[in-house]
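Trainee: I've got this model open and I'd like a close look at one part of it. Could you walk me through how the short helices towards the start of the chain sit against each other?

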Amino acid sequence: MIFLMDGYDLGQAIRRLRGSRKQWVLAEAAGMTASTWSDYERGKRIPRRKQLDRIAVALGCDVTVLEQEALKIGSARLAAESQREAPVPMETSDSLLKDTDRELREIDHDLDSLLVRKKLLLAFRHYLLKLPPGTPVSAGR
C-alpha cells in the first residue's frame, strides 16, 4: 500500500507517531542517520519497504498502523484542499447568448469583406480575359 501514499502524508504520519521522542534516537533505533529520518518526516524522501519496516519498529508500531495514519492524514489534507478551492462561476445563458451574437457579427463582417474581395478579383479577372495575351498590365501594387 505504501506506493499509493504521498511522501508528505507519510512524513506527517511518522512525525505524529514519533510524538515527543527525539528524531536521532528513533533514527538510531531504525539503523539510519538522523538526517535520513528527517528527510522522511519532511516528505523529501519516501522510504522503501525495508526502511519503512525499520521505521515502524523504531516507532513501536506495525507498518499497517503507519500506513493507515498516512492515509488518514492524506484524506484530511485532500478534504481541506477541496473546501479551499473556489467554485467556478457558471456562465449564464444571457452572457453566452451575447458572446454568440458577437461572434456571429464578426463572422458576418469577415464574410462581407471576403465577398467584396471576391467581386474585385472576379472583375479584374474578367478585365484580364478581355485583353490580348501578353499585354502588360499594372496591377496597382
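Mentor: Here's a tour of those helices, with a bit of context on the chain around them.

Keep in mind as you read that this is a predicted model. The secondary structure comes to 6 helices and 0 strands, so to speak of elements here is to speak of helices, running α-α-α-α-α-α from the N terminus. The C-alpha trace spans about 100 × 45 × 25 Å along its principal axes. A compact globule of 141 residues would have a radius of gyration near 14 Å, but this chain comes out at 36 Å. Buried residues make up 23% of the chain's 141 residues. Take the contacts between residues at least 6 apart in sequence, and 55% of them join residues at least 24 apart.

Now for the part you asked about. Let's start with helix α3, residues 34-41, which is mostly covered: 6 of its 8 residues are buried. Those are T36, W37, S38, D39, Y40 and E41. What do they pack against? The buried residues of α3 pack against α1, α2 and α4, which makes α3 a handy place to stand while looking around. Just after α3, G43 takes a positive phi of about 75°.

Turn to α2 next. The axes of α2 and α3 are 8 Å apart, and the two helices pack at an angle of about 105°. An angle from 65 to 115 degrees counts as roughly perpendicular, and α2 is therefore roughly perpendicular to α3. On the α2 side you'll find Q23, W24, L26, A27 and A30, and they meet A34, W37, S38 and E41 of α3. Sort the residues of that contact by class and you get 6 nonpolar, 2 polar and 1 charged. W37, S38 and E41 also appear among the buried residues of α3.

Helix α2 (residues 23-30) has a second partner in helix α4 (residues 49-59): their axes come within 8 Å and cross at roughly 125°. That angle makes α2 and α4 oblique to each other. The crossing is right-handed. From α2, the contact uses L26, A29 and A30, while α4 brings R54, I55, A58 and L59. The split here is 6 nonpolar, no polar and 1 charged. If you're colouring side chains, give L26 and A30 a marker of their own: both are in the contact with α4, and both also meet α3.

Not every α2 residue is tucked away, though. E28 is found in this helix too, and E28 is exposed, with a relative accessible area of 59%. For a sense of distance, E28 and E91 are 63 residues apart in sequence and 59 Å apart in space, C-alpha to C-alpha.

Next comes α1, residues 7-18, which packs with α4 at an angle of about 25°, with their axes 10 Å apart. An angle under 35 degrees counts as roughly parallel, and α1 and α4 are therefore roughly parallel to each other. Is the crossing left-handed or right-handed? α1 passes α4 in a left-handed crossing. L10, I14, L17 and R18 of α1 meet L52, I55 and L59 of α4. By class, that contact has 6 nonpolar, no polar and 1 charged residues. I55 and L59 deserve a marker as well: they meet α1, and they take part in the contact with α2.

One more residue of α1 is good to click on. D9 is found in that helix, and D9 is buried, with a relative accessible area of 4%. Where do its contacts go? Leaving aside neighbours within four places in sequence, D9 is in contact with A70, I73, G74 and R77. D9 and K118, on the other hand, are 109 residues apart in sequence and 66 Å apart in space, C-alpha to C-alpha.

For contrast with those helices, look over at helix α6, residues 93-130, where you'll find L111. L111 is partly exposed, with a relative accessible area of 45%. L111 and V137 are 26 residues apart in sequence and 29 Å apart in space, again C-alpha to C-alpha.

To put the picture together: α3 has its buried residues packed against α1, α2 and α4, α2 is roughly perpendicular to α3, α2 and α4 are oblique, and α1 and α4 are roughly parallel.

Conventions: Residues are numbered from 1 along each chain as its sequence is written. This is a predicted model: local features need pLDDT of at least 70, side-chain atom pairs count only at pLDDT 80 or more; totals for chains, interfaces and linings use all residues. Side-chain values use heavy atoms; hydrogens and water are left out. Axes are lines fitted to C-alpha atoms, for helices over the stretch in contact, and angles run from 0 to 180 degrees between N-to-C directions. Helices (H or I, at least four residues) and strands (E, at least two) are DSSP runs, numbered from the N terminus. Angles under 35 degrees count as roughly parallel, over 145 as roughly antiparallel, 65 to 115 as roughly perpendicular and the rest as oblique. A crossing is left-handed if the near helix is turned anticlockwise from the far one by less than a right angle, and right-handed if clockwise. Contact means heavy atoms within 4.5 Å. Ala, Val, Leu, Ile, Met, Phe, Trp, Tyr, Cys and Pro count as nonpolar, Asp, Glu, Lys and Arg as charged, and the others, Gly among them, as polar. The radius of gyration is taken over C-alpha atoms; the globule rule is 2.2 Å times the number of residues to the power 0.38. Buried means under 20% relative accessible area, exposed over 50%, partly exposed in between (1.4 Å probe, protein chains only).
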